[in-house]
Amino acid sequence: MAIPEQVIQEIKYRNDIENAISNYITLKRRGKNLVGLCPFHNEKTPSFTVYPENGSFYCFGCGVGGDVFTFTKLIENLDYIDAVKLLAERSGVEIPQDGYDDSMHRLKNTVYEINREAGRFFHQYLMSPKGKTMLDYLLGRGLTVKTIRHFGLGAAPDSWDALIKHLTAKGFSIADMLQANVIGQSSKGTFYDRFRNRVMFPIFNIRGNVVAFSGRVLPGDDKKGGKYVNTSDTPVYKKGEHLFGFNFAKANCAEKIILVEGNMDVISLHQAGFTNVVAALGTAFTDEQAKLISRYTKEIVLIMDADEAGQKAVRKAGEILKNTGLEVRVVNIPDGKDPDEYIKKHGAARFDALINGALSEIEYKLSNLAKTIDVLSDSGKLQYLSKAAEIIAQSNDDIARDLYIGRLCNNFDVSRTALESKVQKLREGKQKAERKKEIKAIITPHYGKDDVNPERRNSPRGTNAEENVIAILLQHPDLCDTAIKALQEDDMLTSLNRRIYKKIIECYVAGIAADISHFGESFSPAETGYIASLLNGEKGSLNAQAVLSDSIQVILQEKKAKNKALSQDTTVDDWADDLKRLIENKQKGNKNNG
C-alpha cells in the first residue's frame, strides 16, 4: 500500500514546486513557466522548465521530469519514500506510521543504524588502550584529539569477528550487516569483518548520516588488501555521488570549495581552519560530484598531487566541470608536496596565499605545457604556440581568450592576427563537432539504446497514437470514460504505455484525476520524465475528443495487424513442421524398402 492519497496531496500543496526548486537552482520566468540550467546534466543554455500550473518540471536536454517529489528524490539522492518524508518534515505534515509498504525505507534506516553503531565501535576502540598504535599514528600526523572526535575517526581491531559480535549483541542480523557491507562472506560460507587492523574514516552524507567507511592500513603494514579498503555500493551509498568532508564544508563554501585527493588532506586542512575542503573518496571525480558542488558554491580550486596521475586527475576534473558554471582554478604546490605536508611545514598563512594565487585553468595548462617544450628554439616556440592555441580555443569566455592571446603574442613576439586566426579555426572545428553532437542527441533518443520506450521501433505509428491518448487523458481526465469504453489495457502496444494507461484509468475509477505525483513511486526517473513531457506537450492540447478517437482507432488497427502477422508466422512454422515430418517419413520409408 502507498502513503494515503490525501497525505501526498497535502505534502505537495505545502511544497510549492517553484519555491522548492528555487532552493537549488536559479529560475527565470518565461511566460507562465520558469526556466533554468538543469542540475542533472551539464548545459550552457537553459532547457530545464518548471510548470507551476500543474506542479511539474521537465528538462528538454536530458529528459528528466516529474513533480516536486521526483525533483527532491533526484537532487538529494533519495528513494521516493524518503523524498516524500523529507518534504513532509519540511512542511510540517505528519505521515501515518501504518498503512504503507516502506520495506526499502526500513532497510535504509537499518543500514544507517548499523553504520552509526559501527562508527561508534571503531571510535571507542581507537580511544581505548587497545587502539593506542592507531591513535599514535593519527597524533603523529599532526591531528588533535578534538579533530579526531570531530571527524569520528576510529580503528578496526585486528580480528575476524569483533564487529560481527558487537553488532549481533546490538540486535542486528547477519543479512543486514551484509547489506551495509561492514562484513563479508567467504567461499566456505563463513562471515568475517571487512575492516581489520585499519584506521577508520567514516563517510557522511550531506545530512550527516554515516553512509560508508574507508579503512587505511598503517605505514609498513604487510597485510594484503591494499592501502585502503572502502565500502562498496549499498542501499545508502554510491561512492561516485559523495564527497569526503562535504557534510562540514557545505556550510562554509558559498564563495569557493577546495577539492583535494586524500581524506587526510581534508582533515588536516579543516583543522588548520580551511573548512571548505572536500575529497573525491578514492575514485575519479564524477559528474555527480561536480553537480553536487555546483549547487553550493561559485568557484572550485583543484589541488592534486604533482605526479602524472595527479595532473591527469586535474585535466579530467576540468573537463567534467567545464559546463557547470563554476569558475575553475588550480593550485600547484611547490616541491610536489601534498596539502597535508605543505601546511605542516609552512603553516596556514602560506597555504592561504597559495589558494589566493591559484591559476585559472588556462594559465595552469599553459604553465604545464611550457615545462614540456623547449620554447627557446624556433621549432619549440612553434610547437608551444600551436598547442597553446588549442588550449585557448577550448574556452567559451571571449574575454579570457582575448587576454591569453594578447599575453602569448607579447611574450613570443608573434602577430596577433595569426594567433587569433589559428584559435578561431580551432573554435570553428570545435563548434561544428558540438553541433553535430547536439543534432545526434536530438535524433537518437527515439531510436537509440537508451530510449525510455525501446518498443517504439516496433510500431512508431502505434506508439505515437498511444502517446496521444496518454497526453489527452492527463490533460483532459474527463475523457477517461470515453477511453475506457473503446480501449482496453491489453490493447496498448508497448509495455511502458500500457503501465501508464493502467495507472491513469485506476486513478479515474478511484475518483482521482491522475497527476504526475501518481507515477513517482512505481516509475523510474526516465519514465517519469517521459510522462511529464506528455503532460506538458502539445499532443493533448488541440481537438482532444477527435484526436483521442482517431488515436484509439490507430492503436486497434496496429494491434490487429500485429496479431495477423503473428498468426501468419505460426502458420508458416506449422507448415515447416509438417514438411519436415513428411521428409523424415519418406527417408524412413526408403530405408525400409532398401
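**Helix packing and sheets in the predicted model**

Helix α11 (residues 263-271) packs against helix α14 (residues 339-356) at an angle of about 25°, and the two axes lie 10 Å apart. This angle makes α11 roughly parallel to α14. The structure described here is a predicted model. The crossing in which α11 passes α14 is right-handed. On the side of α11, the contact is made by Met264, Asp265, Ser268 and Leu269, and on the side of α14 by Pro339, Asp340, Ile343, Lys344 and Phe351. Sorted by class, the residues of this contact comprise five nonpolar, one polar and three charged.

A second helix pair is formed by α15 (residues 361-372) and α16 (residues 378-393), which pack at an angle of about 160° with their axes 10 Å apart. Angles over 145 degrees count as roughly antiparallel, and α15 and α16 are therefore roughly antiparallel to each other. Their crossing is right-handed. In the contact, Ile362, Lys365, Leu366, Leu369 and Ala370 of α15 meet Tyr384, Lys387, Ala388, Ile391 and Ile392 of α16. Eight of the residues in the contact of α15 with α16 are nonpolar and two are charged, with no polar residue among them.

Helix α15 also packs with α13, at an angle of about 145° and with the axes 12 Å apart. The crossing of α13 and α15 is left-handed. Here Gln311, Val314, Gly318 and Glu319 of α13 meet Glu361, Tyr364 and Asn368 of α15. The classes represented in the contact of α13 with α15 are nonpolar with two residues, polar with three and charged with two.

Two sheets were examined. One is an open sheet of five strands with mixed pairing, in the order β13-β12-β14-β15-β16. Its edges are occupied by β13 (277-279) and β16 (359-360); each has a single partner strand, so one side of each is left without a neighbour in the sheet. Helix α13 (residues 308-321) packs on this sheet, where it touches β14 (299-302) and β15 (327-330). The direction of α13 makes about 170° with that of β14. Within the sheet, strand β12 (residues 256-260) pairs with β13 over three bridges in the parallel sense. Ile258 stands opposite Val277 in β13.

The other sheet is also open and has five strands, in the order β1-β2-β3-β4-β5, but the pairing is antiparallel. Strands β1 (28-30) and β5 (65-66) are at the edges, and each of them pairs on one side only. Strand β3 and strand β4 (residues 56-59) run antiparallel and are joined by four bridges. Phe57 in β4 is the bridge partner of Val50.

Aromatic pairs were searched for across the whole structure, and 20 were found. One of these involves Phe40 and Phe71, whose ring centres are 5.7 Å apart and whose planes stand at 65°, so the pair is edge-to-face. Phe40 belongs to the loop between β2 (33-36) and β3 (48-51), whereas Phe71 belongs to helix α3 (residues 68-75); the pair therefore ties together parts that are 31 residues apart in sequence.

Conventions: Residues are numbered from 1 along each chain as its sequence is written. This is a predicted model: local features need pLDDT of at least 70, side-chain atom pairs count only at pLDDT 80 or more; totals for chains, interfaces and linings use all residues. Side-chain values use heavy atoms; hydrogens and water are left out. Two strands pair if DSSP finds at least two bridges between them. Contact means heavy atoms within 4.5 Å. Axes are lines fitted to C-alpha atoms, for helices over the stretch in contact, and angles run from 0 to 180 degrees between N-to-C directions. Angles under 35 degrees count as roughly parallel, over 145 as roughly antiparallel, 65 to 115 as roughly perpendicular and the rest as oblique. A crossing is left-handed if the near helix is turned anticlockwise from the far one by less than a right angle, and right-handed if clockwise. Ala, Val, Leu, Ile, Met, Phe, Trp, Tyr, Cys and Pro count as nonpolar, Asp, Glu, Lys and Arg as charged, and the others, Gly among them, as polar. Rings of Phe, Tyr and Trp (its six-membered ring) pair if their centres lie within 6.5 Å; planes under 30 degrees apart count as stacked, over 60 as edge-to-face and the rest as tilted.
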